[in-house]
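Work through the exercises below with the sequence and the model open. Each task is followed by a solution in steps.

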Amino acid sequence: MGSDARRGRLVELLGPVVAAEGFDLEDVTVTPAGRRRLVRVVVDRDGGVSLDDVADVSQSVSKRLDEVDVLGGSPYVLEVTSPGVDRPLTEPRHWRRARGRLVKAELRDGTSVEGRVTEADETGVELDGARRIAYGELVRGRVQVEFNRRDAGLDDELDEDLDVDEDIDDADDEG
C-alpha cells in the first residue's frame with residue numbers, strides 16, 4: 001500500500017474514533033523510524049487540547065489501530081499531538097480557533113494582509129474588526145508569533161490586584 005493510500009485509509013479509520021472523543025482529526029502521517037514507523041495523529045478542537053485529552057485520544061486510537069491491520073502488522077510508535085502554531089490556517093475552524101491572534105494571510109490575488117482575527121464564521125474572517133475576507137479570497141494564513149504581546153486590559157487588572165499606586169504612595173510616606 002502506497003503512503004497516500006495508507007494515509008487515506010488511516011484518516012478514514014481514525015476520523016470516527018477521534019470524532020467520538022470530541023476532536024477534529026487534523027492530520028495523520030506515517031514516517032519510518034528505524035525498524036518501526038512513527039504514526040503521528042494531529043487532533044484539535046475549540047478550546048484547545050490538554051494533556052489528559054491527548055492521553056484519552058491516544059488510548060482510543062491505539063486500540064483501533066491494534067484491531068485493524070492497516071499498518072501491515074509491523075511495529076509502530078503512536079504520537080498524538082495538537083497542531084503547532086505554524087499550522088497553516090486553511091479551514092474555517094482553524095480561523096475560528098485563531099480568534100484574538102495576529103495572523104498573516106495570503107490572498108488569491110497574490111497579495112498578503114496581516115491583522116488580528118476578531119471574528120471568523122463559516123463564510124469568512126474579519127481582521128482587526130474592520131476588514132472582512134471571504135474564505136474564497138484566501139489561500140492560507142499563519143499565526144504570527146508574538147513574544148511581547150500584552151493583552152488589552154491585563155495591565156489594569158494587574159495594577160489593581162497588586163495595588164501598585166497605593167504601595168508606591170505608602171513607601172513614599174515611610175521614607
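**Exercise 1. Confidence.** State the mean pLDDT of the protein chain, and find which elements have the lowest and the highest mean.

Solution. The model is predicted. Step 1: the protein chain has a mean pLDDT of 84, with 83% of its residues at 70 or more. Step 2: among the elements, helix α4 (residues 154–162) has the lowest mean, 44, and β6 has the highest, 95. Step 3: pLDDT stays below 50 over residues 153–172, a stretch that makes 4 contacts in the model beyond near neighbours in sequence.

**Exercise 2. The open sheet.** Give the order of the 3 strands in the open sheet and explain why β1 and β3 are its edges.

Solution. Step 1: the order is β1-β2-β3, and the pairing is mixed. Step 2: β1 (24–33) and β3 (76–81) each have a single partner strand, so each has one side without a neighbour in the sheet. Step 3: from one strand to the next, the twist averages 15 degrees. Step 4: strand β2 (residues 36–44) runs parallel to β3, joined by 6 bridges; V42 has T81 in β3 as its bridge partner. Step 5: helix α2 (residues 51–67) packs on the sheet and touches β2 and β3, its direction making about 145 degrees with that of β3.

**Exercise 3. The hairpin.** Determine the sense in which β6 and β7 pair, and locate the residue with a positive phi.

Solution. Step 1: β6 (residues 124–127) and β7 (residues 131–134) are antiparallel, with 4 bridges. Step 2: G124 lies opposite A134 in β7. Step 3: 3 residues lie between the strands of this hairpin, and D128 has a positive phi near 55 degrees.

Note on methods:
Residues numbered from 1 in each chain as written. Predicted model: local features only at pLDDT ≥ 70, side-chain atom pairs only at ≥ 80, totals over all residues. Heavy atoms only, no water. Pairing = 2+ DSSP bridges. Helix = DSSP H or I, 4+ residues; strand = E, 2+ residues; numbered from the N terminus. Axes fitted to C-alpha atoms, helices over the stretch in contact; angles between N-to-C directions. Contact = heavy atoms within 4.5 Å. pLDDT = per-residue confidence, 0-100.
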